Amino acid sequence: QVQLVESGGGLVQAGGSLRLSCAASGRPFSYYMGWFRQAPGKEREFVAGISRSGASTYYADSVKGRFTISRDNAKNTVYLQMNSLDPEDTAGYYCAAGSRIFTVATGDYEFWGQGTQVTVSS
């Protein structure tokens with residue numbers, strides 16, 4: 001079992017930055033980690049993923065070049081640095097852990113956090 005707790009969300013103006021954190025417990029270093037987001041009335045979508053060691057990352061096209069995912073296995077924490085935020089980035093952001101690498105499907109992730117809200121004003 002892996003428990004995930006997100007933090008760092010909030011209200012930010014367009015063009016601003018936020019860093020989300022996902023604190024994990026229960027052997028999280030054994031899993032690939034991902035960030036997803038879900039806006040009201042929309043399906044949950046993949047944002048970014050990272051391998052177990054942190055050496056490999058992958059991103060949705062919509063955030064590539066603006067968001068950076070990283071992990072600190074010593075601290076059992078995964079981060080999502082979000083720069084140049086746009087109102088279209090407004091959503092609940094969720095951390096997830098899974099056993100398959102380079103997957104963007106929500107069904108491939110076994111454990112989920114409760115989410116943190118990011119609101120970007122124009």
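**Exercise 1. Decide how the radius of gyration of the protein chain relates to that of a compact globule with 122 residues.**

Solution. A compact globule with 122 residues would have a radius of gyration near 14 Å, and the protein chain, at 13 Å, agrees with this. The radius is taken over C-alpha atoms, and the globule rule is 2.2 Å times the number of residues to the power 0.38. The model is predicted, so that local features need pLDDT of at least 70 and side-chain atom pairs count only at pLDDT 80 or more, while totals for chains, interfaces and linings use all residues. Residues are numbered from 1 along each chain as its sequence is written, and side-chain values use heavy atoms, with hydrogens and water left out.

**Exercise 2. Find how many helices and strands the protein chain holds.**

Solution. Count the DSSP runs, where helices (H or I) need at least four residues and strands (E) at least two, numbered from the N terminus. The protein chain has zero helices and 11 strands.

**Exercise 3. Describe the place and surroundings of S25.**

Solution. Begin with the element: S25 is found in strand 3, which covers residues 18–25. Next, take its relative accessibility of 31%, because of which S25 counts as partly exposed; this class lies between buried (under 20% relative accessible area) and exposed (over 50%), using a 1.4 Å probe and protein chains only. Then list its contacts (heavy atoms within 4.5 Å): leaving aside neighbours within four places in sequence, S25 touches Q1, V2 and Q3. Finally, the side chains of S25 and Q3 make a polar contact at 2.9 Å, a term for a pair of N or O atoms within 3.5 Å, of which, within protein, one must be able to donate a hydrogen and the other to accept it, while residues adjacent in sequence count only if both atoms are side-chain atoms.
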